[in-house]
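Q: I would like a close look at a single part of this protein, set in the context of the rest of the chain. Please take the structure below as the basis for the answer.

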Amino acid sequence: MRTVDPAKHEAKRRAILDAAAWCFSEKGFEKTTTAEICRTAGISTGSLFHYFPNKRAVFVGIFEQDGDETAALIAAAHELADPWEAILHVLFTVSEQLLNPMAARLVLEVAAQCARDAELAELVQGNDRALRDALIGLVKRAVEAGRIDPGLDPKTAASWLVALIDAPLSRVILEPDLDPAAELAVLKVLLIRFLRPVLPISPPAGGRVSDTGEISPG
């Protein structure tokens, strides 16, 4: 009996999803055919159906993969001792999607599909909740450690952080002349200033506020 190498199987599956993501971002879900996905991935139709039963399953697989990557990112952040560094690790990693030309178009396409596919909508919303919930926990830890503005409500702050990360993707679609790298640099500054405003805030017991307004533990 022929055995399947799990690593090779996963690598091929990811290659198909990457090819499909490009196709969906270029033509949308409805106009993309399985034949086009196969041509882009360099595989036969039979090979595609070995991994995915239909086109919808391929589309859903892209966002399942996104959820897996988010989970891995969150796990890595929780390994960091400093909650401030953990927050930046999550925010800056997710923000890098701005540099991917496919990202904004895929966001628009999945939004359109979610409007008529409840199962897909639940998957995408679940990915969003996982990121937001992780940020709530990290913001709470950072507030308690005196690493960010102590006046922040973790739940509200996490919602705004996710909103700030998502917003530039729509701007790239509406303003195609924007420089994604320049926008990303500004976004990172906005995220930091939102969490650590240059204000005369009081440090926690034993801590101090630098002349830039940043809180440092004692």
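Which residues of α7 are buried?

A: In this predicted model, the buried residues of α7 are Leu 120, Ala 121, Asn 127, Leu 131, Ala 134, Leu 135, Leu 138, Val 139 and Ala 142. The elements that cover these buried residues include α4, α5 (83-95), α6 and α8. The helix to which they belong, α7, has 27 residues and spans 38 Å from its first C-alpha to its last, which is close to the 39 Å expected at 1.5 Å a residue.

To place α7 in its setting, the protein contains nine helices and two strands, and from the N terminus on its elements run α-α-α-α-α-α-α-α-α-β-β. Of the 218 residues of the protein, 39% count as buried, and the accessible surface comes to about 12000 Å², with 58% of that belonging to carbon and sulfur atoms. Among the contacts with a separation of 6 or more, 67% are accounted for by residues 24 or more positions apart.

The charged side chains of α7 deserve attention next. Side chains of opposite charge can pair when their charged atoms come close. A search of the whole structure finds 13 salt bridges, and one of the pairs joins the side chains of Glu 119 and Arg 56, at 3.3 Å from N to O. This pair links distant parts of the chain, with Glu 119 in helix α7 and Arg 56 in helix α4, 63 residues apart. Glu 119 counts as exposed because its relative accessible area is 59%, whereas Arg 56, at 31% relative accessibility, counts as partly exposed. Glu 119 and Arg 56 also belong, together with Asp 117, to a network of salt bridges. Another salt bridge is formed by Glu 122 with Arg 129, the closest N and O atoms being 2.6 Å apart. In this pair Glu 122 is partly exposed, at 42% relative accessibility, and Arg 129 is likewise classed as partly exposed, at 34%.

Beyond α7 the chain enters the loop between α7 (118-144) and α8, which is the place of Arg 147. Arg 147 counts as buried, because its relative accessibility is 15%, and buried means under 20%. The C-alpha atoms of Arg 147 and Leu 195 are separated by 9.0 Å, although the two residues are 48 positions apart along the chain. Helix α8 (residues 154-174) then includes Leu 174, which, at 69% relative accessibility, counts as exposed. Leu 174 makes a nonpolar surface patch of about 300 Å² with Leu 108 and Ile 173.

Helix α1 can be set beside α7 for its geometry. Helix α1 (residues 6-31) has 26 residues, but its end C-alpha atoms are only 32 Å apart, short of the 38 Å that a straight helix would reach at 1.5 Å a residue. There is a kink of about 85 degrees in α1, centred on Ser 25, and Ser 25 is itself among the buried residues of this helix. The others are Ile 16, Leu 17, Ala 19, Ala 20, Ala 21, Cys 23, Phe 24, Gly 28 and Phe 29. The cover over the buried residues of α1 includes α2 (34-41), α3 (45-51), α4 (55-78) and α6 (101-114), while the cover over those of α7 includes α4 and α6 as well.

Helix α4 also takes part in a charged pair with α1. The side chains of Glu 64 and Arg 13 meet in a salt bridge, at 3.7 Å from N to O, and this pair links distant parts of the chain, with Glu 64 in helix α4 and Arg 13 in helix α1, 51 residues apart. Glu 64 counts as partly exposed, at 37% relative accessibility.

Helix α2 completes this part of the picture. The buried residues of α2 are Glu 36, Ile 37 and Cys 38, and what covers them includes α1, α3 and α4. Gly 42 follows α2 and has a positive phi, near 70 degrees.

How values were computed:
Residues are numbered from 1 along each chain as its sequence is written. This is a predicted model: local features need pLDDT of at least 70, side-chain atom pairs count only at pLDDT 80 or more; totals for chains, interfaces and linings use all residues. Side-chain values use heavy atoms; hydrogens and water are left out. Helices (H or I, at least four residues) and strands (E, at least two) are DSSP runs, numbered from the N terminus. The expected span of a helix is 1.5 Å times one less than its number of residues. The bend at a residue is the angle between axes fitted to the seven residues ending there and the seven starting there. Buried means under 20% relative accessible area, exposed over 50%, partly exposed in between (1.4 Å probe, protein chains only). Contact means heavy atoms within 4.5 Å. Patches are made of residues with over 30% relative accessible area and no salt bridge: like charges are joined within 9 Å, nonpolar side chains (Val, Leu, Ile, Met, Phe, Trp, Tyr) within 5 Å. Accessible areas come from the Shrake-Rupley method with a 1.4 Å probe; for residues, only the protein chains shown count as cover. A salt bridge is a side-chain nitrogen of Lys or Arg within 4 Å of a carboxyl oxygen of Asp or Glu.
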